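Let's take a friendly walk through a protein structure together. Have a look at the sequence and the 3D view, and then we will go through some of the parts one by one.

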Amino acid sequence: MALFWIDERNKIYISYDDFIRDLNLSGENNKIIYEENPYYIFRNLLRNLICNKSSTILDHDFSESELNLLGVSKSSFIESKYFQKDLNYDFEDIIDLLIKKQKHLVLSIFTSGTTGRPKVVDQSFENIIRAVKVGDRFRSNVWGFAYNPTHFAGFQVFFQAFFNRNQIIYLFKSHTNEICQSLTIHKITNISCTPTLIKMIVSSLVKPSDYLLSITLGGEKLDHKTYQIV
């Protein structure tokens, strides 16, 4: 049974079969996603997408005052609830649905607010998956997920992996030594992260990874020294 999601810190190990089953189960959903557990962020997002619902994704560390400034109140969460009946989609069905609906679904993502008041950015699902590449040469990739799961770069990494049915190793907020161990233990082939993080990883590695094939950097300016290291 192929594992889909591995989160060592939270002891969560989910197979693709379990994930698809989770997406199909009937239950209460919310178009506003405000979750601490990253697995539930993506589970709820996919449930919204396959139910033809747009999503508003909030950082879990937004304070109540920040939420109020964004116009998100307790009543907003209540009004955004809906009920999903049991579905019967397999993995290929879900991929087909996402591709067909990509022009019409919107994800509202908020900036972190570290440089001022958080601001909403509406992204079409089409734009989120624009750079996704699918094919046989990507099938064996194992992704190290090192971005914030509620930000644009995090969604790009998730769907690149998901569309190719790759394994995802959740690394965001992990200690550098934990990431270095994961590179070997889980045979991570691809990682996308900030230049700051990759410098910390490289300086902490006892020896180069035997499995890492691709490093993608973003979120910060890439200086020449970091470029040389990578």
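## The sheet

In what order do the six strands of the open sheet lie? Reading across this predicted model, the order is β2-β1-β10-β9-β11-β12, and the pairing is mixed. At the edges are β2 (12–15) and β12, each of which pairs on one side only. If you ignore direction, neighbouring strands of this sheet are turned by 15° against each other on average.

It helps to recall a general point here: strands of a sheet pair through backbone hydrogen bonds, and they can do so in a parallel or an antiparallel way. Try finding β11 and β12 in the view: they run parallel, and four bridges join them. Across this pair, Ser 192 stands opposite Thr 216 in β12.

## Helices across the sheet

Next, look for the helices that lie over these strands. Helix α2, made of residues 38–50, lies across β1 (3–7), β2, β9 (142–145) and β10 (167–170). Its direction is at about 145° to β1.

Helix α9 (residues 195–204) lies across β11 and β12. The angle between α9 and β11 is about 130°.

## Two pockets

Now for the empty space. In general, rolling a probe the size of a water molecule over the atoms shows where such space is left. The largest pocket holds about 590 Å³ of space. Its lining has 23 residues, and those nearest its centre are Asn 148, Pro 149, Tyr 170, Phe 172 and Lys 173. Sorted by class, this lining has eight nonpolar, seven polar and eight charged residues.

The second largest pocket holds about 410 Å³. It is lined by 19 residues, with Ala 131, Lys 133, Trp 143, Gln 160 and Thr 216 closest to its centre. Two or more lining residues come from each of α7 (152–163), β11 (190–193) and β12 (214–217). Helix α7 gives the most, with four residues. By class, the lining of this second pocket has nine nonpolar, nine polar and one charged residues.

## A closer look at Phe 152

Is Phe 152, a residue of helix α7, buried, partly exposed or exposed? Phe 152 counts as partly exposed because its relative accessibility is 27%, and partly exposed is the range between under 20% (buried) and over 50% (exposed).

Which residues does Phe 152 touch, leaving out those up to four places away in sequence? They are Ile 109, Gln 123, Asn 127 and Ile 128. You can also find Ile 41, which is 111 residues from Phe 152 along the chain, while their C-alpha atoms are separated by 13 Å.

Conventions
Residues are numbered from 1 along each chain as its sequence is written. This is a predicted model: local features need pLDDT of at least 70, side-chain atom pairs count only at pLDDT 80 or more; totals for chains, interfaces and linings use all residues. Side-chain values use heavy atoms; hydrogens and water are left out. On a 1 Å grid over the protein atoms alone, a cavity is a set of points where a 1.4 Å probe fits but cannot get out, and a pocket is an open set with protein on both sides within 12 Å along at least five of seven lines; lining residues have an atom within 4 Å of a point. Grid points are joined across faces, edges and corners, and a volume is the space filled by probe spheres set on the points. Ala, Val, Leu, Ile, Met, Phe, Trp, Tyr, Cys and Pro count as nonpolar, Asp, Glu, Lys and Arg as charged, and the others, Gly among them, as polar. Two strands pair if DSSP finds at least two bridges between them. Axes are lines fitted to C-alpha atoms, for helices over the stretch in contact, and angles run from 0 to 180 degrees between N-to-C directions. Contact means heavy atoms within 4.5 Å. Buried means under 20% relative accessible area, exposed over 50%, partly exposed in between (1.4 Å probe, protein chains only).
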